[in-house]
Amino acid sequence: MTVPGEVLLFFRGAILGFSIAAPVGPIGILCIRRTLDGGFRSGFLSGLGAATADGLYGLAAALGLAALSSFLLEWNGPLRTGGGLFLLYLGLRALLDRSAPPAEGQPARTAPGTTDYFSTLFLTLTNPMTILSFSAIFTGLGPILSPWTLVAGVFSGSAAWWLILCGTAYRLGTMISPAALLWIRRGSGILLASFGLSVLLF
């Protein structure tokens, strides 16, 4: 049985999106912290913001939008500075947060998700080098007859990773003590601030 070309292209995009999202960097740490503090919805919406940014960069690469690519790379410095400052702010806010963690055995409190989504969308978009990665990978795939199918796969694969990560973090959050949650919050704050400083200094 022959697999239809568009289905195969979708699954290639999904594998690509999952692979790009899976390494746990600042966005992953932020999503874990938000899941533990604000609940699954907060963490997963944060992940969807990153998945949307991956999809947008993937679409630009698939459509061969050279002008957009050149513009983003030209503004790489200011965009990275903005992202670094925002990471530093999020890290310091986590370190200075004095609110009590959820009680042991209780799920994290529910928090609004609009800010969660758009903040990670912004953070992911501040790394224009992602578009070069997509361009290089898409070139290796050869002619792309249906870029929208490929990008839908990229978004779905990325979203699947955030679903797994946030679901696991949420489950673990109901099993660990408030003291451990407090240390995780502080540790995530240090890591986020460190990521922000590294972006600003290097």
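A residue counts as buried here when its relative accessible area is under 20%. By that cut-off, 44% of the 202 residues in the protein chain are buried. Bear in mind that this is a predicted model. The fold is helical throughout its listed elements, with 9 helices and 0 strands, and a good place to start looking is the set of salt bridges around helix α2, which involves Arg-33 and Asp-37.

**Overall layout**

- Going along the sequence, the chain reads α-α-α-α-α-α-α-α-α.
- Take the contacts between residues at least 6 apart in sequence: 91% of them join residues at least 24 apart.
- The accessible surface adds up to about 10300 Å², and carbon and sulfur atoms account for 72% of that.

**Salt bridges**

- Side chains of opposite charge can pair when their charged atoms come close.
- The chain has 3 salt bridges in total.
- One of them pairs Asp-37 with Arg-33, with 3.3 Å between the closest N and O atoms. These two sit 4 residues apart in helix α2 (residues 26–38), so about one helical turn separates them.
- As background, an α-helix has 3.6 residues a turn, so residues three or four places apart point the same way.
- How buried are the two partners? Asp-37 has a relative accessible area of 11%, which makes it buried, and Arg-33 is buried too, at 14%.
- Asp-37 also forms a salt bridge with Arg-185, where the closest N and O atoms are 3.2 Å apart. This pair ties together distant parts of the chain, with Asp-37 in α2 and Arg-185 in α9 (residues 178–201), 148 residues apart.
- Through shared partners, Arg-33, Asp-37 and Arg-185 end up in one salt-bridge network. Asp-37 and Arg-185 are both buried.
- Asp-116 and Arg-34 make another salt bridge, at 3.5 Å from N to O. Here too distant stretches are linked: Asp-116 belongs to α6 (residues 114–125) and Arg-34 to α2, 82 residues apart. Both of these residues are buried.

**Helix α9**

- Does α9 match its expected span or depart from it? At 1.5 Å a residue, its 24 residues should cover 34 Å, and the end C-alpha atoms are indeed 34 Å apart, so the two agree.
- The buried residues of α9 are Leu-181, Arg-185, Ser-188, Gly-189, Leu-192, Ala-193 and Gly-196.
- Which helices do they pack against? The partners are α2, α5 (76–96) and α8 (147–173).

**Nonpolar cores**

- In soluble globular proteins, nonpolar side chains tend to be buried together.
- The largest nonpolar core has 18 residues, and the members touching the most others are Ile-27, Leu-123, Trp-162 and Leu-192.
- Helices α2, α3 (40–62), α5 and α8 each give two or more residues to this core. The top contributor is α8, with 5 residues.
- Leaving aside residues up to four places away in sequence, Trp-162 touches Ala-21, Ile-27, Gly-28, Cys-31, Phe-44, Gly-47, Ala-50, Ala-51 and Gly-167.
- Another core, of 5 residues, lies apart from the largest one, and its members include Leu-16, Tyr-57, Ala-61 and Val-154.

Methods: Residues numbered from 1 in each chain as written. Predicted model: local features only at pLDDT ≥ 70, side-chain atom pairs only at ≥ 80, totals over all residues. Heavy atoms only, no water. Salt bridge = Lys/Arg side-chain N within 4 Å of Asp/Glu carboxyl O. Buried < 20%, exposed > 50% of the residue type's maximum accessible area, 1.4 Å probe, protein only. Expected span 1.5 Å × (residues − 1). Contact = heavy atoms within 4.5 Å. Core = buried A, V, L, I, M, F, W, Y, C linked by side-chain atoms within 4.5 Å. Areas by Shrake-Rupley, 256 points an atom, 1.4 Å probe, with all protein chains shown as cover.
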